[in-house]
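Work through the following exercises with the sequence and the model side by side, and try each task before reading its solution.

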Amino acid sequence: MKVGLKTQILPADEAAVAVAARCLREGGLVAFPTETVYGLGADAAQAAAVAAIYEAKGRPSFNPLIAHVADLKAARQIARFDATATELAEAFWPGPLTLVLPKTAHCPVAELATAGLDTVAIRVPAHPVAQSILRAFGGAVVAPSANLSGHVSPTTAFHVAGDLTGRVDLIIDGGPVNVGVESTIVACFDQAMLLRPGGLPREAIERVLGHAMQRLPEDAGSDNAQPLAPGMLASHYAPRTPVRLNATEVGDGEALLAFGSDPVPGTDKALAVMNLSDSGDLNEAATHLFGYLRTLDAKGSHAIAVMPIPHHGLGEAINDRLRRAAMGR
Ligand code: TXA
Ligand code: MG
């Protein structure tokens, strides 16, 4: 899409859903809420619309995108489900789980959206607005998170507007999202492999599988010829301000991203303090993570000191995003 485009922002009602579906059909770009983060959608079957997503986000490379569909039946048009994939889809869709699967022979998703891979990432979102748009549109919608490349993912329409006004056709405002980190990505080939921790805790998936999942090796996303998760660039989630992890005290000129009720020495002199969850609730912390990083990033501190976050449940995804944020751009 051309910069300078007029961007319409509509509250998520029935009329807005119809406008969104028409816009997608015409090859436009529509930002919409999912339960994880806001997505920037285009018709998966139109190569030009898919290309416009990369341009609007300023994505430096053609990372493959997730195809969003309304249900498992629609997903089967796009990808081949083995027994494991079927089991996971039935257990967790609609919801914050993305499956990477072999494409079907007549997969309608544009080559550009899958970056030339034989596989496709696919998800059935649970958010009622995302569901309504997918049903009204009737096809697959590819959607990365609706932020400029390198920014943290948007959890409100306000974040989306800050990044993408003038770059997309339409923003559907469905209020703040309720998960707050991106979907968990699992590849199902010979066996299930965790490509990205996310909004569905690993433990829930492993309970259904009946065994532990392998995690993709840390460096597999960077420079392999056919990377398994090409978009897992280390710096994907970085704010501008340096991020310091596992902080047990606050230094001069630092802002504090706190967790739980334990006091941290130096908090009184912090430039700003935001607590992901006073009560130590990891689900609540996930919903606040990206918004608080954006807010603290704007405070002009030397660094954002982040208290340790437990590594279970949504903590694995939170720690993954924080580690990327700490690596800088
Ligand atoms: O929650 C989410 O997943 C959000 C909402 C909008 O659905 N979307 C999202 O998309 O986070 P994005 O583009 O920011 O991240 C998609 C990830 C990238 O890391 C990409 O490399 C990976 O999915 N991916 C896509 N297709 C793949 C494939 N065929 N094989 C391996 N990884 C793939
Ligand atoms: Mg993203």
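**Exercise 1. Find the volume of the largest pocket, and describe its lining.**

Solution. The volume of the largest pocket comes to about 190 Å³, where a pocket is an open set of points on a 1 Å grid over the protein atoms alone, with protein on both sides within 12 Å along at least five of seven lines. Its lining is made of 16 residues, and those closest to the centre are Val 69, Ala 74, Gly 138, Gly 139 and Ala 140. Sorted by class, the lining holds 10 nonpolar, 3 polar and 3 charged residues.

The model is predicted, so local features need pLDDT of at least 70 and side-chain atom pairs count only at pLDDT 80 or more, while totals for chains, interfaces and linings use all residues. Residues are numbered from 1 along each chain as its sequence is written, chains are lettered from A and ligands numbered from 1 in the order in which they are written, and side-chain values use heavy atoms, with hydrogens and water left out.

**Exercise 2. Which residues line the second largest cavity?**

Solution. Begin with the count, which is 2 cavities of 30 Å³ or more, a cavity being a set of grid points where a 1.4 Å probe fits but cannot get out. The second largest cavity has a volume of about 30 Å³. Its lining consists of Thr 184, Leu 194, Pro 197, Gly 198, Leu 200, Pro 201, Arg 202, Gly 313, Glu 316 and Ala 317, which divide into 5 nonpolar, 3 polar and 2 charged residues.

**Exercise 3. Is helix H6 mostly covered or mostly uncovered?**

Solution. Helix H6 spans residues 157–164, and 6 of its 8 residues are buried, that is, under 20% relative accessible area with a 1.4 Å probe and protein chains only; the helix is therefore mostly covered. The buried residues are Ala 157, His 159, Val 160, Ala 161, Asp 163 and Leu 164. They pack against several elements, including strand E1 (8–11), helix H2 (47–57) and helix H8 (282–297). Just after H6, Gly 166 takes a positive phi of about 85°.

**Exercise 4. In what order do the 4 strands of the open sheet lie?**

Solution. The order is E12-E15-E13-E14, with parallel pairing, where two strands pair if DSSP finds at least two bridges between them. The edge strands, each pairing on one side only, are E12 (243–244) and E14 (273–275). Helix H8 packs on this sheet and touches E13, E14 and E15, contact meaning heavy atoms within 4.5 Å. Between E13 (residues 254–258) and E15 (residues 303–306) there are 4 bridges, and Leu 257 has Val 306 in E15 as its bridge partner.

Conventions:
Buried means under 20% relative accessible area, exposed over 50%, partly exposed in between (1.4 Å probe, protein chains only). Helices (H or I, at least four residues) and strands (E, at least two) are DSSP runs, numbered from the N terminus. On a 1 Å grid over the protein atoms alone, a cavity is a set of points where a 1.4 Å probe fits but cannot get out, and a pocket is an open set with protein on both sides within 12 Å along at least five of seven lines; lining residues have an atom within 4 Å of a point. Grid points are joined across faces, edges and corners, and a volume is the space filled by probe spheres set on the points. Ala, Val, Leu, Ile, Met, Phe, Trp, Tyr, Cys and Pro count as nonpolar, Asp, Glu, Lys and Arg as charged, and the others, Gly among them, as polar. Axes are lines fitted to C-alpha atoms, for helices over the stretch in contact, and angles run from 0 to 180 degrees between N-to-C directions.
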